[in-house]
Amino acid sequence: MISIIVLNYIIALKKNQKKSYKLAKEIIDGYENRDVIFNRVTRHISESTGHGRLEKRICTVVTYGSIMESMFKNKFVGLKSIVGVKSERIIMSTGERTQENRYYITSLDNTTPEEISSAIRQHWSIENNLHWQLDVTFREDDSKKVTAAIICPTAASAACSSGWL
């Protein structure tokens, strides 16, 4: 008996992935103010409160079917959908508002935007917990890292000649 396991993925696109990021942004932005389109665009909206803030997330999932792979020059095998997550936060005490847009590609289709949104949130939860652990265990917030240093040319040449650099 041969078993085939198919794994799905959701990959965050970063701004330094210029072409893929730009294409995903253009696709999502094109549907931002439009209604859900059957078999093409789905949305999931969620709201939560905690830590003194209100957060609203709009997860938009767009799929064009098998053409998605070629749109991204076949870099992502099995690509089916583009995901955009718009997060709007309001700090309750000050009324300060922030908005963040993130873009993803996925091998999942757009039939379950709530599951895609949940998977993305779970990833951020894990990442935040890891950062918290680093802060607590290694006291990263207390770090006194030097971000820039000026070396006197004479000191540098002396260090070089003595084998220090």
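This briefing describes the sheet, the helix packing and the salt bridges of the structure above.

The model is predicted: local features require pLDDT of at least 70 and side-chain atom pairs count only at pLDDT 80 or more, while totals for chains, interfaces and linings use all residues. Residues are numbered from 1 along each chain as its sequence is written, and side-chain values use heavy atoms, with hydrogens and water left out. Five strands form an open sheet with antiparallel pairing, and a search of the whole structure finds seven salt bridges.

**Sheet and helix**

- The strand order in the open sheet is 1-5-4-3-2; helices (H or I, at least four residues) and strands (E, at least two) are DSSP runs numbered from the N terminus.
- Strand 1 (10-13) and strand 2 are the edge strands, each pairing on one side only; two strands pair if DSSP finds at least two bridges between them.
- On average, neighbouring strands of this sheet are turned by 25° against each other, direction ignored; axes are lines fitted to C-alpha atoms, for helices over the stretch in contact (heavy atoms within 4.5 Å), and angles run from 0 to 180 degrees between N-to-C directions.
- Four bridges join strand 1 and strand 5 in the antiparallel sense, and I11 has I105 in strand 5 as its bridge partner.
- Helix 1 lies across strand 1, strand 2, strand 3, strand 4 and strand 5, and runs at about 115° to strand 5.

**The K86–E32 salt bridge**

- K86 and E32 form a salt bridge (a side-chain nitrogen of Lys or Arg within 4 Å of a carboxyl oxygen of Asp or Glu), with their closest N and O atoms 2.3 Å apart.
- K86 belongs to strand 4 (residues 81-91) and E32 to the loop between helix 1 (18-31) and strand 2 (41-50), so the pair ties together parts that are 54 residues apart in sequence.
- K86 is buried at 16% relative accessibility, whereas E32 is partly exposed at 34%; buried means under 20% relative accessible area, exposed over 50%, and partly exposed in between (1.4 Å probe, protein chains only).

**The network around R89**

- A network of salt bridges links E55, R57, R89, E100 and R102.
- The side chains of E55 and R89 meet at 3.4 Å, N to O.
- Because E55 lies in strand 3 (residues 53-63) and R89 in strand 4, this pair ties together parts that are 34 residues apart in sequence.
- E55 is buried at 8% relative accessibility, while R89 is partly exposed at 22%.
- R89 also meets E100 in a salt bridge, at 3.5 Å, N to O.
- E100 lies in strand 5 (residues 97-106) and R89 in strand 4, so their pair connects parts eleven residues apart in sequence.
- E100 is partly exposed, with a relative accessible area of 33%.
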